[in-house]
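Colleague: I'd like a close look at a single spot in this model. Pick a residue, go through its surroundings properly, and then work outwards from there.

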Protein chains: 2
Amino acid sequence: MLIVQKFGGTSVGDLERIQNVASRVSETKKAGNDVVVVVSAMSGETNKLVAYAEHFSSNPARAEMDMLLSSGERVTASLLAIALNEMGHEAISMTGRKAGIVTDSLHTKARIEEINPTAMNEALKEGKIIVVAGFQGVSTNGNVTTLGRGGSDLSAVAIAGAIKADLCEIYTDVSGIFTTDPRIEPKARKLTQISYDEMLELASLGAKVLQNRSVELAKKLNVNLVTRTSFSNEEGTLITKEENIMEKPLVSGIALDKGQARISLMGVADRPGIASEIFNKLAKSGVNIDMIVQNKAHNGETNIDFTIPSGDLNDAKLVVHSFVKDGDIKDESYNETICKVSVVGVGMKSHTGVAAKAFSAMAKENININMISTSEIKVSMVIDEKYGELAVRSLHDAYELEK
Amino acid sequence: MLIVQKFGGTSVGDLERIQNVASRVSETKKAGNDVVVVVSAMSGETNKLVAYAEHFSSNPARAEMDMLLSSGERVTASLLAIALNEMGHEAISMTGRKAGIVTDSLHTKARIEEINPTAMNEALKEGKIIVVAGFQGVSTNGNVTTLGRGGSDLSAVAIAGAIKADLCEIYTDVSGIFTTDPRIEPKARKLTQISYDEMLELASLGAKVLQNRSVELAKKLNVNLVTRTSFSNEEGTLITKEENIMEKPLVSGIALDKGQARISLMGVADRPGIASEIFNKLAKSGVNIDMIVQNKAHNGETNIDFTIPSGDLNDAKLVVHSFVKDGDIKDESYNETICKVSVVGVGMKSHTGVAAKAFSAMAKENININMISTSEIKVSMVIDEKYGELAVRSLHDAYELEK
C-alpha cells in the first residue's frame, strides 16, 4: 500500500517523540508499504515564532509571517529524515516547494491550487521514505506560503490525492472519532468508520481532530482518511465515502455546539425582499447564518429568528441596528445562552422516525426545543445551553449508541 | 550609496538586538542609501539544531543538515523585515534561493557558483530594504544548501559583488582589525584601512572577524569590505584594494599563530625527487605545509624542517613513519611548542630593512629564530611558543605601530 502518515505538533513535540514517530514510520515501511510522511512543527515552536513577530509588530506582513512560520516544519522534517536514515532507511525531507505544493498568494491562509508530485513520485520509485514539511507551499510567483490552521492536515490530504495513496493517516493525541464527546457521555464509543458527510456534520466532535477543510478536500479527492493516535497502536476511525461503508448505522453520532447565538427580529415589515435584504447585508459583513425560522406574517408584520456563531454576534448586531433605525424592524433581541444538539447518520436517508425519536428524548427530559432544522443525514435542535449535556446523553441513550 | 550590511549571530542574538539592528538599518536607509541586509541565525540557534540532529545520528546526511540549519536564518530575516516594516520602511525578506544565490551541491560547505540578482535589483528599484537569509543558497538541482563556516559573510560579499554595492559592512562584536591582538599588546591600534593581501596574511588577527574565504572573494569581486561592531557607532576597518589606500604604512600589523607544529626530518636520503615524494604524500593526506627549510646535503644526506597546523600533526606522522620504515629518512622529531610571528605590510614592497628590523628586535630580547620565511608583504619567524607574546610586543614597538 501507498500510505501518507501525518504527525501533528504534539506527536513530534520533542526529540523522543520524533524518535517514536520514526519507529512507527519504519514499521509501516518494513511491513511492505511505501510511505510519505507529513509533519507539523514541534508543538510550541509556531507559537514561539508568532510571539517573536508580535514583539516587533501587532500587524506583521503576511508574507513575512509565512517566511517565519514555515521554518518550524522544515526542522521537524529534516530531523525525522535523519532519524529514519539512522535506522537504515533511505529517507529524504522535502519542503512544500520541493513536494510540488502550489498555492495561491493569500499569505498565511493560502489555498492549494495544484500538486505537482513529480519529485515525490521519483523518490517513491527509488524506494525512499519522503518526509514533507507540512503547512506550507509555494505561490505561483515563487514565494513560500502557509495554509493556515490545520494546514498540515490539508498538505497530507492533498498529497494523498495527488500520489493516489491508498490511505491517509492523521496522527494526533486523540484516538479517533467518537459517537459523542466522551467528556459528556462516558459511554461514547469510538467509530470504526464514518462517511465524509457525517464527519462534516459532526464537525464539533471532530474539530479537535480534523478541520472541515481537510474532510471536504478528502471527499473531493476521494482520499481514505484515518484519524488515530500516535501514542499507542490503537486502531483509529476511517473516514471514507458512503459507498465504502458496509453496515450503515441509523445514527453515527451526537454533536453539541455551544458556540452559537440566537437573534430574534420582531415586527419585520412584511414586504417582498426584506428578508433577502437583511441576510444579504449579514453575509456581506461576514456573518455566517446557521438556522433560520420565520413565522407566518400577522398584521403585515413577521418575526424572524436565526442562529449564528457567537463570534459573529457583534458584526450581526451592527447590521440589525441599521434595519431597526430605518424602521424595517421593530425590535431585536439576542440570546447567547443557547446551544445546538445534532443527531447525525447516513441511515436516516432510508429510515423514518429518527427525528421523532429525538423529539421524544427531549420531551422525556422536559427540554424545550427552540428551533429545529433537518437535512438528509441530520436533525439539529436549538435548546437552552444549560440542557446541552443532558440532551446529548439522552440522545446517545435513545439511539443506543453505546452498543 | 548602495550598502550591504551583514549582521552575525551575536548581533541578532535576541529580540532586543534585532530591534537595534533594525534601528541601524533604518538610519542607513534614512541617510539616503539603498540597503541590502544579510543576517545570520540568532546565536545559539544553529548549535541547538546541530545538537538536535546529533541526538538522532552521529553522521546525519549533509543535505538534511542543510534543510535543518537553513531554517535559522529565515527566522532572523523575517523578524528583521517585520521590525523594519513597523518602523515605516518597506522591507522584504528573501531566502538564499529568492536572492538568487546559486551554489554547487556540496551540502554543508557549498561554494557559490553565481548570483542572479534580478529579484534583488527589482526590489531595490522599488525602494525596498531587502533582508537576505545568509549562509544559504540553492543548488543547481533545486535543493537548499549551506555555505559552511563564515557562510553569511560569504553571502554578503557575493551579494555586494553581484549588485555592485559601494560598501559591504560586516557587523560583529569586534570593532575592527587591530595592529595586533589587543589582549597581547594593549597599545594595539585599530586600523582605518588595510589591503586585501595584508588582511589575508594577518589571518590570525582577523580570524575572529573575517574568514580568509570572504576576504579572498571580496578581493576577487573588488568589494570594499568594512568590519565594525554592531554594539556602537565606532568606525571600523576598511579592507580594500591596495590602490585605494592613500597612505601606505611600512607595516600594518603583527600576527601571532600558536596553532603550529614543527617537524624535523633528519638524515633524508639525498636523491632527486625524495623531497617531492614526501611533500606529495603529505598533501594527499590533507596536511597543509606552511614553511619549509632544507639544509645543504652533507655525506649524501640532508635535513628537512617544516611547519604544519597542529591539527594536521597526526596525519603527518603517519606519512613520515612510512618513509622512516622504508629507510628514506633516518630520524624524525616533532615540536609542538613553537609559534609563528608575522610582520605584515604592503609598504615592505618599496622599502628595505623591514626584515632586518624584525631580526634585531628578536635579538634584543634574546629570542632565537628557528625558521624564517618572507613574501613581498610579510616576514614570518618561527620561535619558541613561550616567547610569542613578548615577540609581538617587541615588534609592535620596533615598528612604532601604536602611533
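Modeller: Let's take Asn288(A): leaving out residues up to four places away in sequence, it touches Ile308(A), Pro309(A) and Asp312(A), where touching or being in contact means C-beta atoms, placed from the backbone, within 7 Å. This is a predicted model, with local features needing pLDDT of at least 70, side-chain atom pairs counting only at pLDDT 80 or more, and totals for chains, interfaces and linings using all residues. Residues are numbered from 1 along each chain as its sequence is written, while chains are lettered from A and ligands numbered from 1 in the order in which they are written.

Asn288(A) sits in the loop that links helix H9 (274-284) to strand E14 (292-294) of chain A; helices (H or I, at least four residues) and strands (E, at least two) are DSSP runs numbered from the N terminus. Its C-alpha is 5.9 Å from that of Ile308(A), 20 residues apart along the chain. Asn288(A) counts as partly exposed because it has 13 C-beta neighbours inside 10 Å. On that scale, 20 or more other C-beta atoms within 10 Å means buried, 12 or fewer means exposed, and anything in between is partly exposed.

For a counterpart in chain B, try Lys190(B), in the loop between strand E9 (167-172) and strand E10 (193-195). Lys190(B) is also partly exposed, because its C-beta count inside 10 Å is 16. Setting aside neighbours within four places in sequence, Lys190(B) contacts Ser175(B), Gly176(B), Phe178(B) and Thr237(B). The C-alpha of Thr237(B) is 7.4 Å from that of Lys190(B), with their positions 47 residues apart along the chain.

Now the buried parts. A nonpolar core is a set of buried Ala, Val, Leu, Ile, Met, Phe, Trp, Tyr and Cys residues joined through C-beta atoms within 7 Å. The largest one has 220 residues, and Val37(A), Leu80(A), Val37(B) and Leu80(B) touch the most other members. A second, separate core has 11 residues, including Val268(A), Val287(A), Ala316(A) and Ile329(A).

Helix H8 (residues 212-221) of chain B has Ser214(B), Val215(B), Leu217(B) and Ala218(B) as its buried residues. They lie on the same side of H8(B), because they cover an arc of only 160° around the axis, taken from the directions from the helix axis to the C-beta atoms. They pack against helix H5 (151-162), helix H6 (196-201), strand E11 (225-229) and strand E12 (237-240) of chain B. After H8(B) comes Asn222(B), with a positive phi near 60°.

How do the chains meet? 24 residues of chain A are in contact with 24 residues of chain B. H3(A) gives the largest share of the chain A side, 14 residues. By class that side has 15 nonpolar, six polar and three charged residues, with Ala, Val, Leu, Ile, Met, Phe, Trp, Tyr, Cys and Pro as nonpolar, Asp, Glu, Lys and Arg as charged, and the others, Gly among them, as polar.

A turn of 180° and a shift of 0.1 Å along the axis lay chain A on chain B with an RMSD of 0.1 Å, superposed by least squares on C-alpha atoms of residues with pLDDT of at least 70 in both. That is how a two-fold axis relates copies. In chain A, Ser71(A) has the C-alpha nearest the axis, 2.6 Å from it.

Note on methods:
Contact = placed C-beta atoms within 7 Å.
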